[in-house]
Amino acid sequence: RPFRVDVVTIFPEYLAPLRQSLLGKAAERGLVAIGVHDLRNWTDDVHRTVDDAPYGGGPGMVMRPEPWARALEEVRPPGTRLVVPTPAGRPFTQATAAEWAGEPGLVFACGRYEGIDQRVAEWAAAAGPVSEVSIGDYVLAGGESAVLVMVEAVTRLLPGVVGNRESVEFDSHADGLLEGPSYTRPASWRDREVPPVLLSGDHAAIARWRRAESLRRTAERRPDLLAALPEETLTGADRAV
Ligand code: SAM
């Protein structure tokens, strides 16, 4: 059975990239099934209104709960995780992507304006898990681009979507570290040489070099990741780097 992705949004055309490239191919091959749904189909007034002024005052508008409830009742299969992107959410990480890739599918609720009436996420929790997540410490105009990011991160972990399993396993963040640099032909390019060990054919030496580069880069760019690694994952050789 394909991994099912349903997205509810007021800008369905924004999700067109889900039908392209790696994901488009995965859909053609029956690995992923994608549904994009216009929230306005579940409004009940001639103007198809999805927002209203916030209780308590303040700037901006808030998405009304009832269209969301009706949409989710129709679109969300029972027990399926509902993902609500919000800059006020828990961080979405590679570990989140790996966990979600093991589920039958996901439903995404794209907020706009100041977000969705909070009662929707509370109400939705009765029908299955609900995750309010952020893709980073910055504020986007809407959840659509965050959904594109998350769907791509999750679906490339599904069996058969990426041709080479190893390329997924060795990626940055798979083991809590950043991946080191990569090189291709020519070995000498504009007076710059590929590190000689990579041309040596000595697979053990190459593996040691890659591990060292990965640690060095993580220490330099993301010391927070290194600090978060469990003690036992670092070997004596690692500590020498
Ligand atoms: N008032 C909200 C707050 O400060 O938490 C910001 C709402 S933002 C302008 C509008 C929508 O963009 C959000 O409902 C969410 O769907 C999406 N969004 C913005 N930043 C995001 C982020 N870092 N991660 C995930 N979704 C985000």
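**Exercise 1. Find which residues P12 touches, leaving aside residues up to four places away in sequence, and describe where P12 sits.**

Solution. Leaving aside residues up to four places away in sequence, P12 touches V36 and D38. The model used throughout these exercises is a predicted one. As a next step, place P12 along the chain: this residue is found in the loop between β1 and α1, the latter covering residues 21-28. To decide how covered P12 is, count the other C-beta atoms within 10 Å, which number 17; a residue is buried at 20 or more and exposed at 12 or fewer, so P12 is partly exposed. Finally, look for a partner distant in sequence: P12 and E144 are 132 residues apart along the chain, and their C-alpha atoms lie 8.8 Å apart in space.

**Exercise 2. Work out which strands pair with β6, and state how well β6 is covered.**

Solution. Begin with the strand itself, which runs over residues 105-109 and has 5 of its 5 residues buried. In a regular strand the side chains alternate between the two faces of the sheet. For β6, the two sides can be listed separately, with G105, V107 and A109 on one and L106 and F108 on the other, and both faces are covered. Next, turn to the pairing: β1, residues 3-9, pairs with β6 in the parallel sense over 5 bridges, and β5, residues 81-91, pairs with β6, also in the parallel sense, over 3 bridges. A single residue of β6 then shows both pairings, since V107 is the bridge partner of D6 and also stands opposite L82.

**Exercise 3. Identify the residues of the largest nonpolar core that touch the most other members, and follow one of them outward.**

Solution. The largest nonpolar core holds 41 residues, and those touching the most other members are V7, F108, A109 and M150. Helix α5, residues 144-155, gives the most to this core, with 5 residues. Now follow V7, which, leaving aside residues up to four places away in sequence, touches L15, V36, H37, F108, C110 and V147.

**Exercise 4. Describe the shell around the ligand, and compare the settings of G111 and I135, two of the positions in the recorded binding site.**

Solution. Start with the shell, where 19 residues surround the ligand and P85, G111, G115, L140 and G143 come nearest. By character, the shell divides into 10 nonpolar, 7 polar and 2 charged residues, while its largest share, 4 residues, comes from β5. The UniProt record, an unreviewed entry, places a "binding site" feature at G111, I135, G136, D137, Y138, V139 and L140.

Take G111 next, which lies in the loop between β6 and α4, the helix of residues 119-124. G111 counts as buried because 24 C-beta neighbours fall inside 10 Å. Beyond residues up to four places away in sequence, G111 touches M63, V84, P85, T86, I116, G142 and G143.

Then take I135, whose place is in the loop between β7, residues 130-134, and α5. I135 is buried too, because 21 other C-beta atoms lie within 10 Å. With the same sequence neighbours set aside, I135 touches P85, F92, A146, V149 and M150.

**Exercise 5. Set these parts within the whole chain.**

Solution. The chain has 9 helices and 9 strands, and 24% of its 241 residues count as buried. Its C-alpha trace spans about 70 × 40 × 40 Å along the principal axes. According to the unreviewed UniProt entry, residues 4-226 carry the feature "domain: tRNA methyltransferase TRMD/TRM10-type"; this span is 33% helix and 19% strand, and its end C-alpha atoms lie 35 Å apart.

Definitions and conventions
Residues numbered from 1 in each chain as written. Predicted model: local features only at pLDDT ≥ 70, side-chain atom pairs only at ≥ 80, totals over all residues. Pairing = 2+ DSSP bridges. UniProt positions renumbered as here; feature names shortened; annotations may be inferred. Near = placed C-beta within 6 Å. Nonpolar A, V, L, I, M, F, W, Y, C, P; charged D, E, K, R; others polar. Core = buried A, V, L, I, M, F, W, Y, C linked by C-beta atoms within 7 Å. Contact = placed C-beta atoms within 7 Å.
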